[in-house]
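Open the model in your viewer and keep the sequence panel visible. The stops below say what to select next and what is there.

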Amino acid sequence: MPGRLLWAGVGLLVVLPMVALLVIIKLSQFDTMATAGEQMQMPPEPVNVMKVREARWQPKVAAVGSVVAVQGALLRIEAEGIVNSIGFEAGARVEAGDVLLRLDAELEQAQLREAESGAALARLSFRRAQQLRRSQSISQSELDQVSANLKQSQARVDFFRALINRKTLRAPFAGQVGIRQISQGQFLDKGSAVVSLQSLDPVYVDFSLPQQRLADLQQGLAVTITSDSYPEQAFAGKVSGFNPEIDTVTRSVRAQATLANPDGRLRPGMFVAVHMQLARSNTVLLIPQTAVVHGPYGDAVFVLEEGEQAADGASSLVVQSRPVRLGVRRGDFVAVTQGLAVDERVVSTGVFKLRPGMVVVVDNSLAPDFKLDPRPGNS
């Protein structure tokens, strides 16, 4: 028993120094790793950077409007009768004076021939009376009576011609006809609708502006029209007139713009967005909209600043968050009214991955191509 205890003590004396040595080695390794971790720095984050630039923008006012034909009417027949012939196809273009509809006028034609025959006889009687009057064979009162009969006969001819004309519908102006509302052989009452005729080039666009814009409103101002029917196209025109009075209910003024419409894309009754360019201009500071960080307490951007100087004398670049106040938007850009100065550098993309004080490196090799949209925005 004493021998076993002796050997156990010898074993402990041999093992304990070895365990202590292993513990010391591991602690040294952990200390070395901690020191290296403290000295290790994350590589700089590559970012796209753009300078704040100054530009002059003409303010633009947004409104909603409706397209109105310069000339447009629902054509109706002025007489009653049976449809004899239809001279148009639905959707066709017609010129002023083209015959669109003829009603049966056989009875009126017969009455016209009778009236023309009577007028011819009255004309012969008048010539004979003139000869007799020159030879003093009849009195002046008899000649006057014959002259009155001639005028009465001619008026009767004119009456039947006008009656026949009322049974013929002609295009009052050039334009495009719609869907016909009558059929061959149909009996029409006086005033029956036949077809819609609209002149599509040019067209008007009616819109309203609040009375606060009355001082800015004047004829000749440029307008741009957009429609959800043609989202990739903008139509240009000019303000051609506006009402001199203010609507007492809406406190707005009604204005009208004229636009060329050679391809007929804008149709009467179409809902459109109107952007009117004012005559005055403002100086604004522009940054890309992607540079803005929207937060619960307002908007901010990341501005590029010089960081601490390294041992080799080179300075690093860091980003700092700065609150800004934004103005009008147009295309990919937004105007900054407060918080930035000209030529300051802001991070233009990827702002969601940045933190204040983060070291960055500028890499614009893959920067997007920011553009000003030709269609104006709100002001």
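**The whole chain**

Start with everything selected. Of the contacts in the chain with a separation of 6 or more, 75% are between residues 24 or more positions apart; contact means heavy atoms within 4.5 Å. This is a predicted model, in which local features need pLDDT of at least 70 and side-chain atom pairs count only at pLDDT 80 or more, while totals for chains, interfaces and linings use all residues. Residues are numbered from 1 along each chain as its sequence is written, and side-chain values use heavy atoms, with hydrogens and water left out.

Colour by secondary structure: the chain has 3 helices and 22 strands. Helices (H or I, at least four residues) and strands (E, at least two) are DSSP runs, numbered from the N terminus. The chain has 379 residues, and 31% of them are buried. Buried means under 20% relative accessible area, exposed over 50%, and partly exposed in between (1.4 Å probe, protein chains only). Show the surface next: about 23,400 Å² is exposed, and carbon and sulfur atoms supply 54% of that area. Accessible areas come from the Shrake-Rupley method with a 1.4 Å probe, and for residues only the protein chains shown count as cover.

**Helices H2 and H3**

Select residues 106–134, which are helix H2. Helix H2 has 29 residues and reaches 43 Å from its first C-alpha to its last, close to the 42 Å expected at 1.5 Å a residue; the expected span is 1.5 Å times one less than the number of residues. Which residues of H2 are buried? They are Glu108, Leu112, Ala115, Ala119, Ala122, Phe126 and Ala129.

Now add residues 140–166, helix H3, which is part of what covers the buried residues of H2. Within helix H3, pick Ser153. Ser153 is buried, because its relative accessibility is 18%. Apart from its neighbours within four places in sequence, Ser153 is in contact with Ala115, Gly118, Ala119 and Ala122. Before leaving, look just after H2, where Gln136 takes a positive phi of about 60°.

**A sheet of 4 strands**

Strands of a sheet pair through backbone hydrogen bonds, either parallel or antiparallel. Select the open sheet whose 4 strands follow the order E8-E7-E5-E10, with antiparallel pairing. Strand E8 (168–170) and strand E10 (187–188) are its edge strands, each pairing on one side only. Two strands pair if DSSP finds at least two bridges between them.

Zoom in on strand E7 (residues 99–103), which 3 bridges join to E8. Here Val99 stands opposite Arg170, and Leu101 has Leu169 as its bridge partner. Strand E5 (residues 81–86) is also joined to E7 by 3 bridges, running antiparallel. Val83 stands opposite Leu103 in E7.

**Two single residues**

Go to strand E12 (residues 222–227) and pick Ser227. Is Ser227 buried or exposed? Ser227 is buried, because its relative accessible area is 5%. Leaving aside neighbours within four places in sequence, Met270, Phe271 and Val272 are in contact with Ser227. The side chain of Ser227 also reaches the backbone nitrogen of Ser229 at 3.1 Å.

Finish in strand E4 (residues 60–76) with Ala62. Ala62 counts as partly exposed because its relative accessibility is 36%. To end, draw a distance from the C-alpha of Ala62 to that of Ser208: they are 9.9 Å apart in space and 146 residues apart in sequence.

Methods: Polar contact = N/O pair within 3.5 Å; in protein donor to acceptor, adjacent residues only side chain to side chain.
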